[in-house]
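Dear colleague,

I am passing a structure on to you with this message, and below it you will find notes on what turned up when I went through it. Please keep the structure open beside the text as you read.

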Amino acid sequence: MAEQITNPVKAIRAFCMECSCGQTSEVKSCPVYKCPLYPFRFGKNPYRQRREMTEEEKQVLADRLKEARKNIGISEEKSEVDDGK
Ligand code: SF4
């Protein structure tokens with residue numbers, strides 16, 4: 001069974017890899033500029049801008065995430081594993 005892809009941009013990447021017979025160099029040098037998937041063929045969204053946040057904003061979001069995880073029953077220990085800690 002194929003790996004389940006849950007990110008739409010990663011799914012586009014997988015589609016481009018199939019379209020190019022599994023050759024990354026073919027995806028890179030794809031000549032079909034008019035293909036709607038062309039900007040996303042590397043598995044990244046080039047239109048998405050990186051969000052700059054202050055330490056205070058980061059802390060507010062971290063607290064909000066912690067509260068949301070608590071509400072759906074994800075333990076603190078599991079969430080630290082998910083965060084890569
Ligand atoms: S951008 Fe379009 S044509 Fe090019 S590899 Fe991806 S799917 Fe194929």
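**Helix α1 and its buried face**

The buried residues of helix α1 are I12, R13 and C16. Looking down the axis of α1, you will find that these buried residues fall within an arc of 100°, so they line one face of the helix. They pack against helix α2, which covers residues 24-28, while on the other side of α1 the residues P8 and E18 are exposed. Please bear in mind throughout that this is a predicted model.

The length of α1 can be checked in a simple way: its twelve residues, at 1.5 Å a residue, should span 16 Å, and because its end C-alpha atoms are 16 Å apart, the expected and computed values agree.

**The chain as a whole**

Read along the sequence, the chain follows the pattern α-α-α-α, and its secondary structure comes to four helices and zero strands. Of the 85 residues of the chain, 6% count as buried.

**Around the ligand**

Which residues surround the ligand? They are F15, C16, C19, S20, V27, C30, V32, C35, L37, Y38 and R41. By character, this shell divides into nine nonpolar residues, one polar and one charged. Helix α1, which runs over residues 8-19, gives the most to the shell, with three residues. You may notice that C16 appears twice in these notes, since C16 is one of the buried residues of α1 and is also among the residues that surround the ligand.

**The loop after α1**

Just after α1 comes C21, whose place is in the loop between α1 and α2. Phi of C21 is near 55°, a positive value in a residue other than glycine. This deserves a second look, because most residues other than glycine have a negative phi. Is C21 buried or exposed? C21 counts as exposed, because it has 8 C-beta neighbours inside 10 Å, where a residue with 12 or fewer is called exposed.

**Helix α3**

Helix α3 takes in residues 55-72, and its 18 residues reach 26 Å from the first C-alpha to the last, which is close to the 26 Å expected at 1.5 Å a residue. The number of buried residues among those 18 is zero, so α3 lies largely in the open. Helix α3 is followed by G73, whose phi is positive, near 90°.

**A pair of residues apart in sequence**

Finally, please look at N7, which is found in the segment before α1. N7 counts as exposed, because it has 11 C-beta neighbours inside 10 Å. How many residues apart in sequence are N7 and G43, and what is their C-alpha to C-alpha distance in space? In sequence N7 and G43 are 36 residues apart, whereas in space they are 9.3 Å apart, C-alpha to C-alpha.

With best wishes

How values were computed:
Residues are numbered from 1 along each chain as its sequence is written. This is a predicted model: local features need pLDDT of at least 70, side-chain atom pairs count only at pLDDT 80 or more; totals for chains, interfaces and linings use all residues. A residue is near a molecule or strand if its C-beta atom, placed from the backbone, lies within 6 Å of it. Helices (H or I, at least four residues) and strands (E, at least two) are DSSP runs, numbered from the N terminus. Ala, Val, Leu, Ile, Met, Phe, Trp, Tyr, Cys and Pro count as nonpolar, Asp, Glu, Lys and Arg as charged, and the others, Gly among them, as polar. The expected span of a helix is 1.5 Å times one less than its number of residues. A residue is buried if 20 or more other C-beta atoms lie within 10 Å of its own, exposed if 12 or fewer, and partly exposed in between; C-beta atoms are placed from the backbone. The arc is that of the directions from the helix axis to the C-beta atoms. Two residues are in contact if their C-beta atoms, placed from the backbone, lie within 7 Å.
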